[in-house]
Amino acid sequence: MLNKKMPVVFAGHGSPLNAILDNRFSQGWTEMGAVLPKPKAILAISAHWYTHGNLINDSDAPKQIFDMYGFPEELYQVKYPVPGSPELAARVAELIGADVSNDWGIDHGTWSVLHRVFPDADVPIVQLSVNHNLTAMEIFDLGQKIRPLRNEGIMIFASGDIVHNLGMVDWDLEGCYDWSAAFDAHVQELVKSKKYDEVIAFDKLGPDWKKAIPTPEHYLPLIYALGATDEADDVKVVNEGGELGSITMTSFIFE
Ligand code: ZN
């Protein structure tokens, strides 16, 4: 058991409201918790911590942050008081080179999903930022460097969205626009067939790529996740599709 390779997860998190809504996506997260092994700790990579350089949180009691505004009070009452792991933070810094910062914390990209997956809040979490300075190819390489953690009982959990265009969101729409669904399905096919080079070169993913990825911070967590996979991994798709027109929730478990 001790040496069992831990999965890599890419989770589409979508609207912060999914943290409190009972819908097919939040149910999907609960179901994920039922099938995933319980890791020694989680290295969480969140779209919402987009920084120049690799920053990592090394507190033994990281603060939960509510990095969204104007939502119902109930959302700010979700508490997810997980422990941290200074030991894991040091290990990640050793593998990739990272600066410690505890100014940020565990943001909603991480806790909105994980409080459903591991509701007991007893799995330590270390959060790593998405590095603005790196190309997608360099991020894939960085993902490869953290891959050994999987053999050390650590789950790599990357949280973003394949399609994420806030400017085009329609709050009254449950599903996706056609272009958004098609873009998501295309990326999904590339991931399933392990054509990672094409996923990495996202600016060549057809005419709609700029609508799907107006800024890359929500897409790049997928690239970290792909980098951390290996040849032997199978991929399972969870929470296929999307919401609000221009946000997709499609998630992957690699194991
Ligand atoms: Zn987000």
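## Helix α4

Helix α4, residues 108-117, is mostly covered, with 10 of its 10 residues buried. The model described here is predicted. The buried residues of α4 are His-108, Gly-109, Thr-110, Trp-111, Ser-112, Val-113, Leu-114, His-115, Arg-116 and Val-117. They pack against the strands β1 (8-12), β2, β5 (125-131) and β6 (154-160), and against the helices α1 (24-35) and α2.

At the start of α4 there is a polar contact: a side-chain oxygen of Asp-107 reaches to within 2.9 Å of the backbone nitrogen of Gly-109.

## Zinc site

Three histidines coordinate the zinc ion through their NE2 atoms: His-13, His-48 and His-218, at 2.0 to 2.1 Å. Along the chain, the donors follow the spacing H-x34-H-x169-H. The pair His-48 and His-218 links distant parts of the chain, 170 residues apart. His-48 belongs to strand β2 (residues 41-51), while His-218 sits in the loop between α8 (209-212) and α9.

The two residues of this pair can also be described by their accessibility. His-48 is partly exposed, with a relative accessible area of 24%, whereas His-218 is buried, with a relative accessible area of 3%. The cut-off for buried is under 20%, so the 24% of His-48 places this residue outside that class.

## Helix α9 and the nonpolar cores

Helix α9 spans residues 220-227, and 8 of its 8 residues are buried, so the helix is largely enclosed by the rest of the structure. Its buried residues are Leu-220, Pro-221, Leu-222, Ile-223, Tyr-224, Ala-225, Leu-226 and Gly-227.

The largest nonpolar core has 48 residues, and those that touch the most other members are Leu-43, Ile-162, Phe-183, Val-187, Val-199, Tyr-219 and Leu-222. Helix α9 supplies the largest share of this core, 6 residues. A second, separate core has 29 residues, including Met-32, Ala-44, Phe-118 and Phe-157. In soluble globular proteins, nonpolar side chains tend to be buried together.

Leaving aside residues up to four places away in sequence, Val-187 touches Ile-162, Val-199, Leu-205, Tyr-219 and Leu-222.

## Asn-57

Asn-57 is found in the loop between β3 (55-56) and α2 (73-76). This residue is buried, with a relative accessible area of 2%. The side chain of Asn-57 reaches the backbone nitrogen of Ser-59 at 3.1 Å.

Apart from residues up to four places away in sequence, Asn-57 touches Trp-49, Pro-62, Ala-89, Ser-101, Asn-102, Gly-105, Val-126 and Gln-127.

How values were computed. Residues numbered from 1 in each chain as written. Predicted model: local features only at pLDDT ≥ 70, side-chain atom pairs only at ≥ 80, totals over all residues. Heavy atoms only, no water. Buried < 20%, exposed > 50% of the residue type's maximum accessible area, 1.4 Å probe, protein only. Helix = DSSP H or I, 4+ residues; strand = E, 2+ residues; numbered from the N terminus. Donors = N, O, S within 2.8 Å, 3.2 Å for Na, K, Ca; no water. Polar contact = N/O pair within 3.5 Å; in protein donor to acceptor, adjacent residues only side chain to side chain. Contact = heavy atoms within 4.5 Å. Core = buried A, V, L, I, M, F, W, Y, C linked by side-chain atoms within 4.5 Å.
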